[in-house]
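Dear colleague,

Please find below the sequence and structure that I am handing over to you. I would be grateful if you would read the notes beneath with the coordinates open.

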Amino acid sequence: MTVHVTTNGDIRRVVRRGLRIPVLVARDNLLEGPCASDPEDHREQRCDYWNLRGRECARFCSSFDDVIGALKSRHRIVLWTSGLWTDRLMLWALCAWRLRYRPEHPDLDMVVLGDAPEDGFSRGFIRVKPADARRGLDDARALSRTRVQHMARSWRKVSGRSPVLSTEAARADRARDDLVELGTHQAAFFPRMDKSTLTLSRIDELLFSCLGSDWLTPVDVLTHRSSAGAELLKHWMIRISDCFFAMRLRQWAEHRGAEAALESAPYRTDRRPMLEARYRLTAVGDKIKRHGLAEIAQGPPLPVWGGTAYDPAAPWVVVEGPSGPRLRRLGEHTSAQA
């Protein structure tokens, strides 16, 4: 028996239509939020991150458990995926979990459909037709155990507690290039060291740049007529969900009580989450915007894959080195990043 699993909803639709077969789907945008090496921990963390409750949680867990059940089975698995990073990350996870249950004989085939953008980070739709699915099945490639192990190692790196760019790969190969590309994306969520000044993460800096004394909703922030607003909308919105920005603004407003960097006021509570509240900088937030962070704990913690940004217990910061951004512990000598 063969079980078909996909990482993409668009691909699932065309495979079901083109081949008339059932297809399980493991669909989740792993370019934001936490992830874990263990599948049960991963499912729990993703439900918490997306704040899934009731039927939404049950539907997500049911779909996830069906995929894990297939990976535990002795059946041949055909993985349908694309070149988008959202799909590639999930593919790595599926390979790691399959290897956990079938270490000697993973028995995986892979089909890649659709044309991905050059950088692979778009969350856009994959343009495929049923005929593509029929041709894809004929071209399915069996994944060697070595290839599955390779992708499983990449997943363990991404889901590890240390940020991806906290260590330097020993050799320059495709795996390292992929991890550097992903690590650079991850680094944008972590606070930065600019010489001796601790500053906001790149994404938080963009949010703060759009905010001031006027009340703004998350929609207003994302459509702000400034270079920061344009970068949020044109660069980051194709990678991560708009809900992330609403969540992040709320986190800043709720963090540290009277010393919060943002204050909030209800707006359209029937239009959650992008219009449920408005935000503006407090005096503390304005000072952070102008002069940087007094300490890493001023920022609300944010789970990013296996690590956490703005975590006083694990204070990772971004530093610029000769070969690009690196992450190190706050207080470690910069030369360690050379």
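The notes below take the sheet, the helices packed around it, the nonpolar cores and one loop residue in turn. Please bear in mind that this is a predicted model.

The sheet is open and has five strands in the order 2-1-3-4-5, with mixed pairing. Its edges are formed by strand 2 (24-25) and strand 5 (141-143); each has a single partner strand, so one side of each lacks a neighbour in the sheet. Strand 5 runs antiparallel to strand 4 (residues 108-112), and three bridges join the two. Within this pairing, Asp109 has Ala142 of strand 5 as its bridge partner.

Helix 4 packs on the sheet, where it touches strand 1 (2-6), strand 3 (76-81), strand 4 and strand 5. The direction of helix 4 makes about 165° with that of strand 3. Helix 6 (residues 145-158) lies across strand 4 and strand 5, and runs at about 70° to strand 5.

A further packing concerns helix 1 (residues 9-19) and helix 5 (residues 130-138), whose axes are 7 Å apart and meet at an angle of about 80°. Angles of 65 to 115 degrees count as roughly perpendicular, and helix 1 and helix 5 are therefore roughly perpendicular to each other. Helix 1 contributes Val14, Val15, Arg17, Gly18 and Leu19 to the contact, while helix 5 contributes Pro130, Ala133, Arg134 and Leu137. By class, six of the residues in the contact of helix 1 with helix 5 are nonpolar, one is polar and two are charged.

As to the nonpolar cores, the largest has 86 residues, and Phe245 and Leu262 touch the most other members. Helix 4 (residues 85-101) gives the most to this core, namely eleven residues. Beyond its neighbours within four places in sequence, Leu262 is in contact with Phe208, Leu211, Leu249, Trp252, Ala253, Tyr279, Arg280, Leu281 and Thr282. There is also a second, separate core of 13 residues, with Val14, Val23, Leu84 and Val128 among them.

Finally, Ala140 is found in the loop between helix 5 and strand 5. Ala140 has a relative accessible area of 23% and is partly exposed. Residues up to four places away in sequence aside, Ala140 touches Asp109, Met110 and Val111. The C-alpha atoms of Ala140 and Ser264 are separated by 52 Å, the two residues being 124 apart along the chain.

With kind regards

Technical notes. Residues are numbered from 1 along each chain as its sequence is written. This is a predicted model: local features need pLDDT of at least 70, side-chain atom pairs count only at pLDDT 80 or more; totals for chains, interfaces and linings use all residues. Side-chain values use heavy atoms; hydrogens and water are left out. A nonpolar core is a set of buried Ala, Val, Leu, Ile, Met, Phe, Trp, Tyr and Cys residues joined through side-chain atoms within 4.5 Å. Buried means under 20% relative accessible area, exposed over 50%, partly exposed in between (1.4 Å probe, protein chains only). Helices (H or I, at least four residues) and strands (E, at least two) are DSSP runs, numbered from the N terminus. Contact means heavy atoms within 4.5 Å. Two strands pair if DSSP finds at least two bridges between them. Axes are lines fitted to C-alpha atoms, for helices over the stretch in contact, and angles run from 0 to 180 degrees between N-to-C directions. Angles under 35 degrees count as roughly parallel, over 145 as roughly antiparallel, 65 to 115 as roughly perpendicular and the rest as oblique. Ala, Val, Leu, Ile, Met, Phe, Trp, Tyr, Cys and Pro count as nonpolar, Asp, Glu, Lys and Arg as charged, and the others, Gly among them, as polar.
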